[in-house]
Amino acid sequence: MDLAEVSVTSIQGLRENINEEFNELFKEAEKMANILDITISVKRLNKRSTRRANPCVKDANEYYRITVVIPYIDYFIQQLNERFMCHKNIFKGFQSLFSGLYSDEFGELITFYLDSDKNTVIAELHLWHALLEKNEQLPKNSLEALRLCKNEIFSNIYSLLKILCTLPVSTATPERTFSCLKRLKNYLSSTMTETRLNGLTMLAVHKEVPITAEEVLDELAKKPRKLDFLFLKNM
């Protein structure tokens, strides 16, 4: 959590001084472009454009600062806040798994991730740390703690440790999305609209979400159509 807070603060400082910082970056980019004999140009600007960014700028420096750098930094800060800062108290509750001391944050952690009784989980926490101290086994990280924790005895603590171990690899969702797009957006479906593509992608990525035929028909029936939708159940 401390690393996340420092990262957000540093990036926000970069965002506040984006003009000066980007000028230095753009100068370095110009040097590399001159070495490689590449001309840094701006895309053709239209009076009216809905497909891409179309700002009224003076030069390439201002164009790439507005259309690329600023949106990217803002998105990066937003993702850090959503992944870490919004659940700051909950993540702090994981520290109790190593200290053995109950805190309010650990109570929020239990409520957020587990359906078990809070007193039962607290009792497991104290018993598990008593066993670790007796055997003189103090885990230094979550993977080591997971190996020392027995699922048959400390099922709730084991579940929390598994969650803690899998949190750093939660970026698999964007990778799955891009892989899914390669299968959906091929040359045979090049004229597919964005709304349809988003809907098919969500269905392909989140296959575990159950969807019934009645829900699909209800959604289609919201728009006026010439055809009447009828759903016949098998007798």
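This is a short dialogue about reading helix packing and a buried residue in a predicted model.

Biologist: What kind of model is this, and how are residues numbered?

Modeller: It is a predicted model, where local features need pLDDT of at least 70 and side-chain atom pairs count only at pLDDT 80 or more, while totals for chains, interfaces and linings use all residues. Residues are numbered from 1 along each chain as its sequence is written, and side-chain values use heavy atoms, leaving out hydrogens and water.

Biologist: At what angle do helix α6 and helix α7 pack?

Modeller: Two packed helices are described by the angle between their axes and the distance between the axes. Here α6 (residues 104-113) and α7 (residues 118-135) pack at about 120°, with axes 10 Å apart. Helices are DSSP runs of H or I with at least four residues, numbered from the N terminus. Axes are lines fitted to C-alpha atoms over the stretch in contact, and angles run from 0 to 180 degrees between N-to-C directions.

Biologist: Which residues make the contact?

Modeller: Contact means heavy atoms within 4.5 Å. From α6 come F106, G107, I110 and T111, and from α7 come K118, V121, I122 and L125.

Biologist: Is L97 buried or exposed?

Modeller: Buried means under 20% relative accessible area, exposed over 50%, and partly exposed in between (1.4 Å probe, protein chains only). L97 has 0% relative accessibility, so it counts as buried. L97 sits in helix α5 (residues 96-99).

Biologist: What does L97 touch?

Modeller: Beyond neighbours within four places in sequence, the contacts of L97 include F106, L125 and L161. L97 and L161 are 64 residues apart along the chain, yet their C-alpha atoms are separated by 8.0 Å.

Terms used: Helix = DSSP H or I, 4+ residues; strand = E, 2+ residues; numbered from the N terminus.
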